[in-house]
Amino acid sequence: EIHIKEPIEKEVYPRLLPGELLLCEASTVYKYIQEDGSNRGTYGKLVCTNFKIAFLDDNSASDDNEPQFENKIVGENDITLQCVDQIYGVYDEKKKLLTGQLRKYPEKLIIYCKDLRVFHFCLRYTKEEEVKRIVSGIVHHSQTPKLLKRLFLFSYASAAPNNTDGRNQTVMFETLEDWRGELERTKGNAKYKAVTTNEGYRVSNKLPLYFVVPICVSEESILKYEGRGIPIWCWSCHNGAALLKMSAFPKEQDDSSSQMQKAFLDGIYKTISKPPYELLKTDDLSSSLPSLQDIQTAYTKFKQLFLIDNSTDFWATDVKWFSLLESTNWLEIIRRVLKKAIEVVECLERQHTNVLLIEESATDLCCVISSLVQVMMDSYSRTKSGFQSLIQKEWVIGGHGFLDRCNHLHRSDKEEAPVFLLLLNCVWQLVQQYPPAFEFTETYLTVLSDSLYVPIFSTFFFNSQHQKDTNTSGESLNTQSSPFRFLTVWDWSVQFDPKAQAFLNNPLYADKSKPDKSHRKTARFKHQRQLSLPLTQTKSSTKRGFFREETDHLIKNILGKRIGKFINSSDEPPNSFREFYDSWHSKPVDYHGLLLPCIDGPEIKVWAQRYLRWIPEAQLHGGGTIATAANILDLMEEVQSLQVKMDEEHSQAISGDLHSVPVLRNSARLSSLFPFALLQRQSIKPALPTSTWKDLEDEDDLVNRDDEFVDLSGDIL
């Protein structure tokens, strides 16, 4: 049965951005609401522009469900072309992947997005010619390889007025002064210098215009191998130890070249191991961390758990949730990356040793580890402007290939890898473990991950500073030659109004450095799905993890071989590392000092807000962390209003810049995945398939199934 709503009579038009052109459209398209397996939905118009795919209907948000967190650029029924992951057509109830030229056109269209939304469109009631145009247009503009200058980024930069917010405090690291300022801030200017050797990109197109090297490194050395084999400075610790990175030499070369490069490296190592420099430890990340291909494979499996077509599919996967989650290996990769960052922190903090990270290009895993180390050790990197400056320094100017790794141009799937998403997942682990230590919220991280696919900002759409600089000048649409004025993603006023931006700031951020004298207690909210892999049925002691041999042996006996590989004894960290890790975790937290994440198995969780926000079944209404936050925000709002009244009474100006606090109306009805999931209707759990019931009938089998949980009664696990 289809619950048909009368097709709209009044004409609706898409809201176009400057430089945005309407390419094709189709009327009388039926968009399903995939909530409870029914065919309920709404009629509207499906359009494709050079920026997005959009569904237009006459539904406006009701007063009760007024969005408090609305994106001004991308609406809830908009999909940017770069956000499209895969497109499927349904032919006689069979799904088929759509690519290239189509011979036959589908009756249904399913679009899977990189932000994990799933859209279902029925084209059965649409005119045949319109179906051909819209399906061909969507597939062509979102899936086929394109030239860089064909990105909407350039159309928008040519046509949009340059009225950005000038109050952006993010350090962009595009000038020599920015680098010298960072050296001064970290007190690294006694041993390191900012160099101009690459001005005009005469050393390498992959290096930034300006960067920092040890004072003893000569200009000739930098020029010799196009910057390869040169230790490049990332950050200096308070004790003088520094974090460095190096682009490695290619492995496959003839003997004479290898000998010369080896001699060159030996000379560099000897130079930077002498006083005033600390001892040097090198770490080849290509051998100590998963490969980019492993990371891509794991994430591809992981995201499939959340690209849910309907409610029945959700409950079918829910029965095997832990098995499916573990088999992706994504959480284990996050754990390994965090562990590597802690190892580097230990060398810098306790051993006072310089650490040199080595990678083929030093623009992928080097960026992840160096960023995490700075977030853990430098409280400035935990402020909003500090974190944004860190991303600029290590990723944007540092030369991470966003264009290739995000596959924005659909040139090569082999280059694609979610390296930046891996960093955000790791930072989220720290944010959810130590909320008062961060000036920004998990909503900020979620929005930042979404911004990867919004091509009006240049931040995530170039492979290097050189590529951006060489493409900045060009013919504008006004027929006069002028440089493109690209926007930066750090100007949040482009996407959100002040009320929505309030959700990006953490009102509970600990402004002053006061150690928390009470022992840490991790709040454990029970979501519908447990979001970490279980190791034991009881909470393990903070001093005993799966690193200890005795615990290792016990857990393997309890859980059997299935999770055995997760606790492999070959992964046993060195004693000094474990001693450093345990010692820190036995002390109270200084939210403005060193932060070490908990990395024991169950502590590594799924980033629920990002991955579950579009799945109604995974939401708790009036529950989750938002219920606590709502009460605290109400209290803060009341305190601020009283402060204003007191100041007015005494005729004094308000002292300090008060953070704006988001107002959460009807907080009892908010979803646990707020602000992305608002007041959605409660999902109805469907009858389980017969095969699943048979699996559940055997109670003995359920007892033995330690990594599965079945909930037949309600919405809370």
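**Exercise 1. Helix 19**

Task: In this predicted model, determine which residues of helix 19 (residues 575-585) are buried, and what the buried residues of helix 19 pack against.

Solution. Step 1: go through residues 575-585 and keep those that are buried; the result is Phe577, Arg578, Phe580, Tyr581, Asp582, Trp584 and His585. Step 2: look up the packing partner of these buried residues, which is helix 10 (330-349).

**Exercise 2. Helix 14 and helix 15**

Task: Classify the relative direction of helix 14 and helix 15, and describe the residues of their contact.

Solution. Step 1: helix 14 covers residues 419-433 and helix 15 covers residues 442-450. Their packing angle is about 175°, and the axes are 10 Å apart. Step 2: the cut-off for roughly antiparallel is over 145 degrees. The two helices are therefore roughly antiparallel to each other. Step 3: list the contact. Helix 14 contributes Phe420, Leu421, Leu424, Val427, Trp428 and Val431, while helix 15 contributes Glu442, Leu445, Leu448 and Ser449. Step 4: sort the residues of this contact by type, which gives 8 nonpolar, 1 polar and 1 charged.

**Exercise 3. Gln429 and Thr446**

Task: Decide whether Gln429 is buried or exposed, do likewise for Thr446, and find what each touches beyond its sequence neighbours.

Solution. Step 1: Gln429 lies in helix 14. Its relative accessibility is 0%, so Gln429 counts as buried, the cut-off being under 20%. Step 2: leaving out residues up to four places away in sequence, Gln429 touches Ile334, Leu338, Glu603, Ile604 and Lys605. Step 3: examine Lys605 further. The side chain of Gln429 reaches the backbone oxygen of Lys605 at 2.8 Å.

Step 4: turn to Thr446, which lies in helix 15. Thr446 has a relative accessible area of 0% and is therefore buried. Step 5: with neighbours within four places in sequence set aside, the contacts of Thr446 are Trp607, Gln609, Arg610, Arg613 and Phe676.

**Exercise 4. His466**

Task: Place His466 in the secondary structure, judge its burial, and compare its sequence separation from Gly399 with the distance in space.

Solution. Step 1: His466 belongs to helix 16 (residues 465-470). Step 2: the relative accessibility of His466 is 19%. Buried means under 20%, so His466 counts as buried. Step 3: His466 and Gly399 are separated by 67 residues in sequence, whereas their C-alpha atoms are 8.9 Å apart in space. Step 4: excluding residues up to four places away in sequence, His466 touches Tyr201 and Asn205.

**Exercise 5. The open sheet**

Task: Write down the strand order of the open sheet of 8 strands, identify its edges, and trace the pairing from strand 1 to strand 4.

Solution. Step 1: the order is 4-3-2-1-8-7-5-6, and the pairing is antiparallel. Step 2: strand 4 (78-80) and strand 6 (94-97) each pair on one side only and are the edge strands. The average twist from one strand to the next is 30°.

Step 3: strand 1 (residues 22-32) and strand 2 (residues 41-49) are antiparallel and joined by 8 bridges. Leu22 stands opposite Thr49 in strand 2. Step 4: strand 2 and strand 3, also antiparallel, are joined by 4 bridges; they form a hairpin with 2 residues between them. Here Lys45 faces Leu56 in strand 3. Step 5: 3 bridges connect strand 3 to strand 4, again antiparallel, and Lys52 stands opposite Thr80 in strand 4.

**Exercise 6. Strand 3 and its cover**

Task: Sort the residues of strand 3 by the way they point, and find which helix lies across strand 3.

Solution. Step 1: in a regular strand the side chains alternate between the two faces of the sheet. Step 2: Lys52, Ala54 and Leu56 point one way from strand 3, and Ile53 and Phe55 point the other way. Step 3: 5 of the 5 residues of strand 3 are buried. Step 4: helix 1 (residues 128-143) lies across strand 3 (52-56), as well as strand 1, strand 2, strand 5 (84-91) and strand 7 (108-113). Helix 1 runs at about 110° to strand 1.

**Exercise 7. The whole chain**

Task: State the secondary structure count of the protein, its buried share, and its share of long-separation contacts.

Solution. Step 1: there are 23 helices and 16 strands. Step 2: of the 717 residues, 55% are buried. Step 3: among contacts with a separation of 6 or more, 73% are between residues 24 or more positions apart.

Definitions and conventions
Residues numbered from 1 in each chain as written. Predicted model: local features only at pLDDT ≥ 70, side-chain atom pairs only at ≥ 80, totals over all residues. Heavy atoms only, no water. Pairing = 2+ DSSP bridges. Axes fitted to C-alpha atoms, helices over the stretch in contact; angles between N-to-C directions. Contact = heavy atoms within 4.5 Å. Parallel < 35°, antiparallel > 145°, perpendicular 65-115°, else oblique. Nonpolar A, V, L, I, M, F, W, Y, C, P; charged D, E, K, R; others polar. Buried < 20%, exposed > 50% of the residue type's maximum accessible area, 1.4 Å probe, protein only. Polar contact = N/O pair within 3.5 Å; in protein donor to acceptor, adjacent residues only side chain to side chain.
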